[in-house]
Amino acid sequence: MLPSAESLQGKPVPNVVFKARLEDQWRDLSSDELFKDRTVVVFSLPGAFTPTCSSTHLPRYNELAPVLRAHGVDDILCVSVNDAFVMNQWKSGQDAANITVIPDGNGDFTEAMGMLVDKRELGFGRRSWRYSMLVRDGLIEKIFIEPEREGDPFEVSDADTMLAYLAPDATVPEPVVMFSRPGCPHCARAKAALRENGVHYTDISEDQKINTIVLRGVTGRMTWPQVFVGGELIGGADEVQAWLAGKA
C-alpha cells in the first residue's frame, strides 16, 4: 500500500546517494547536494523509454521548466529506478535540456519514499510508482501521488498540476513552431525577432521529408518561414513581427 500525501508532507526527503554519470565519469550525488537550500520539483515515473513517460510526463515538465523557474524553482529532477547509462541515453533522445535525470538504480530513494512497487507482471521487477513533489530545503512541501489502481494512472503528477499549485496565476506560453529553410533570410529574421523577445520556439527545418509540398499541405502557403503559435498559423517574418508587436 502506498503512503498518503498527508503522511509525507512536511517530512524530509530520504537521505541517499545516487550513482550518476556526468560527462562520462561516475559521480556520487547526495540528497543534500540535490535538495539542501534549494527549491526543487521532483517527478518520478516507472521507467525510462516507457510510453507515457516519454511522450507526456517528461516533455511537459521540460516545456514548463522556464515558467517553474520563474516562480522560484532551482531544479527539476526526474527520478526513476533505472541505472545511470539508461537514464542518460533516454535523456539524450528526448527534448529534455531543462531536466536533471536522477538514476535510482537500486531503488533506495524510491523505497525510502514508500513508492517502490512490484511490476514483475510486466517484466520490470520493482519500479517507482508515479508521483511528483515540491521540495524546499529538503522538506516535502507538497506531493501528488497517482491513485493506487491497476495499470499506470497519470492524472495528478503532471507538470500543469504542479505549476497550478506553485503559481496558480502563472501564464503558460503557447508552443511556437517554425517551418524554416536553411539560408533563408526571412527565416533568420523571424528567428532573431523571436529570440530577442525571449520566445522559445521549435524549428523544423526543410529536408527530404519537410519540403515545400509538406509546407503547402500544412499551411496552405509556399513561402518560408511559416510560424505557428498554439496551433494557430501566424505566418512569415512580417506577420511574426506584427504578432510580437501586438504582445508588447
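Visitor: What makes the charged end of Arg-21 count as sitting over the ring of Trp-26?

Guide: A charge sits over a ring if NZ of Lys or CZ of Arg is within 6 Å of the ring centre and within 35 degrees of the ring normal. The charged end of Arg-21 sits over the Trp-26 ring at 4.9 Å from its centre, so the distance is within the limit. Arg-127 lies over the face of Phe-124 in the same sense, at 4.6 Å from the ring centre.

Visitor: What kind of model is this, and how are its residues numbered?

Guide: This is a predicted model, in which local features need pLDDT of at least 70 and side-chain atom pairs count only at pLDDT 80 or more, while totals for chains, interfaces and linings use all residues. Residues are numbered from 1 along each chain as its sequence is written, and side-chain values use heavy atoms, with hydrogens and water left out.

Visitor: How many aromatic pairs are there, and why is the pair of Phe-144 and Tyr-165 given its name?

Guide: The count is 6 aromatic pairs. Rings of Phe, Tyr and Trp (its six-membered ring) pair if their centres lie within 6.5 Å; planes under 30 degrees apart count as stacked, over 60 as edge-to-face and the rest as tilted. Phe-144 and Tyr-165 have ring centres 6.2 Å apart and planes at 75°, so the pair is edge-to-face. The pair links distant parts of the chain, 21 residues apart: Phe-144 is in strand E9 (residues 139-145) and Tyr-165 in helix H6 (residues 159-166). Helices (H or I, at least four residues) and strands (E, at least two) are DSSP runs, numbered from the N terminus.

Visitor: Are Phe-144 and Tyr-165 buried or exposed, and how do you know?

Guide: Buried means under 20% relative accessible area, exposed over 50%, partly exposed in between (1.4 Å probe, protein chains only). Phe-144 has 14%, so this residue is buried. Tyr-165 has 33%, and therefore counts as partly exposed.

Visitor: Why is the pair of Phe-179 and Phe-228 classed as it is?

Guide: Their ring centres are 6.1 Å apart and their planes are at 70°, so this pair is edge-to-face. Phe-179 in strand E10 (residues 176-180) and Phe-228 in strand E12 are 49 residues apart, and both are buried.

Visitor: What makes E12 and E13 a strand pair?

Guide: Two strands pair if DSSP finds at least two bridges between them. Strand E12 (residues 226-229) and strand E13 (residues 232-235) run antiparallel and are joined by 3 bridges, so they qualify. They form a hairpin with 2 residues between them, and Gly-230 in the turn has a positive phi of about 60°.

Visitor: What is notable about the backbone at Glu-23, Asp-137 and Pro-225?

Guide: Most residues other than glycine have a negative phi, and most peptide bonds are trans. Glu-23, not a glycine, has a positive phi of about 55°, and is found in the loop between strand E1 (17-22) and strand E2 (25-30). Its relative accessible area is 78%, so Glu-23 is exposed. Asp-137, also not a glycine, has a positive phi of about 50°; at 45% relative accessible area, this residue is partly exposed. The peptide bond from Trp-224 to Pro-225 is cis, with omega near -5°, and Pro-225 lies in the loop between H8 and E12.
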